[in-house]
Amino acid sequence: MNAVNIKNQLLNLGDSVRAVHSLGFFKTGKGQYGEGDKFIGCTVPQTRSVAGKYTQLALEEVSELLKDEIHECRLCALVILTNKYSKANELERYDILNFYLAHTNYINNWDLVDISAHKIVGEWFKNRNDRSLIYELADSKLLWDQRIAIVATYTFIRNNDFNDILSLSEKYLSHKHDLIHKACGWMLREVGKRDETMLTYFLDQFAHQMPRTMLRYSIEKFPQELRKQYLNIKK
């Protein structure tokens, strides 16, 4: 099995109406973050189903699929990659991590990042003290590298390790892109689910500086009155 065969399977599952909807949903217009992306209209469950059959696919073929102009092909490649990572030994995982980091310019929409970053980058650094690479990604000029850095912390957060997302969220208080605000807010909300005191401590320091989207996402699970209290800080 190779990338061409997998692409043909996805093409057979495509739906033109859904593809047109995806063009708007993923902001593919001129000047938007997904400019020029192409869709065939596969659902995520359909794409996952195809990917699930090819955990043994060689990285060279995964690379071909990940470089494809069709969004669902790239999504399929990333699901294959995360499946490979979950079953790999330490040396194989290191190779997959480096492969992933070498291809981040193809991981070029929020759903592609969100389906993969925590399962590869996050898992690799979960039990490691040196996480400088996370901050290298955060300092990158590529928006998708920045989002990868944020979403990678989801794995840390699930293990009650909050330092990195708090640092990144502070770093991005003045970031100009909504996708970064949303990602930080989402991760902060996940912190709050596990340690509300930690989240409120962060908010009490920075709510007045936070982009409104980041703030709204982070307090989504708070009681209504507490949400109002923090939103009023922004006025």
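**Exercise 1. Find which residues Ser 218 touches in this predicted model, leaving out residues up to four places away in sequence.**

*Solution.* Start at Ser 218 and skip its close sequence neighbours, up to four places away. Then look for contacts, meaning heavy atoms within 4.5 Å. You should arrive at Gly 185, Leu 188, Arg 189, Leu 199, Leu 203 and Met 210.

**Exercise 2. Is Ser 218 buried or exposed, and what does its side chain reach?**

*Solution.* First, place the residue: Ser 218 is found in helix α14, which covers residues 212-218. Next, take its relative accessible area, which is 2%. Buried means under 20%, so Ser 218 is buried. Finally, follow the side chain: that of Ser 218 reaches the backbone oxygen of Leu 215 at 2.7 Å.

**Exercise 3. Describe the secondary structure of the protein, then work out how its radius of gyration compares with the globule rule.**

*Solution.* Begin by counting elements: there are 15 helices and zero strands. Now turn to the radius of gyration, which is 19 Å. For 235 residues the globule rule gives 18 Å. The two values are close, so the protein is as compact as a globular protein of that length. To picture the extent, note that the C-alpha trace spans about 55 × 40 × 30 Å along its principal axes.

**Exercise 4. What percentage of the residues is buried, and how many positive and negative side chains are there?**

*Solution.* Take burial first: buried residues make up 51% of the 235 residues. Then count charges: 32 side chains are positive and 29 are negative. As a last step, locate the centres of these two sets, which lie 6 Å apart.

Key. Residues numbered from 1 in each chain as written. Predicted model: local features only at pLDDT ≥ 70, side-chain atom pairs only at ≥ 80, totals over all residues. Heavy atoms only, no water. Helix = DSSP H or I, 4+ residues; strand = E, 2+ residues; numbered from the N terminus. Rg over C-alpha atoms; globule rule 2.2 N^0.38 Å. Buried < 20%, exposed > 50% of the residue type's maximum accessible area, 1.4 Å probe, protein only. Lys, Arg positive; Asp, Glu negative; His and termini not counted. Charge placed at Lys NZ, Arg CZ, Asp CG, Glu CD. Polar contact = N/O pair within 3.5 Å; in protein donor to acceptor, adjacent residues only side chain to side chain.
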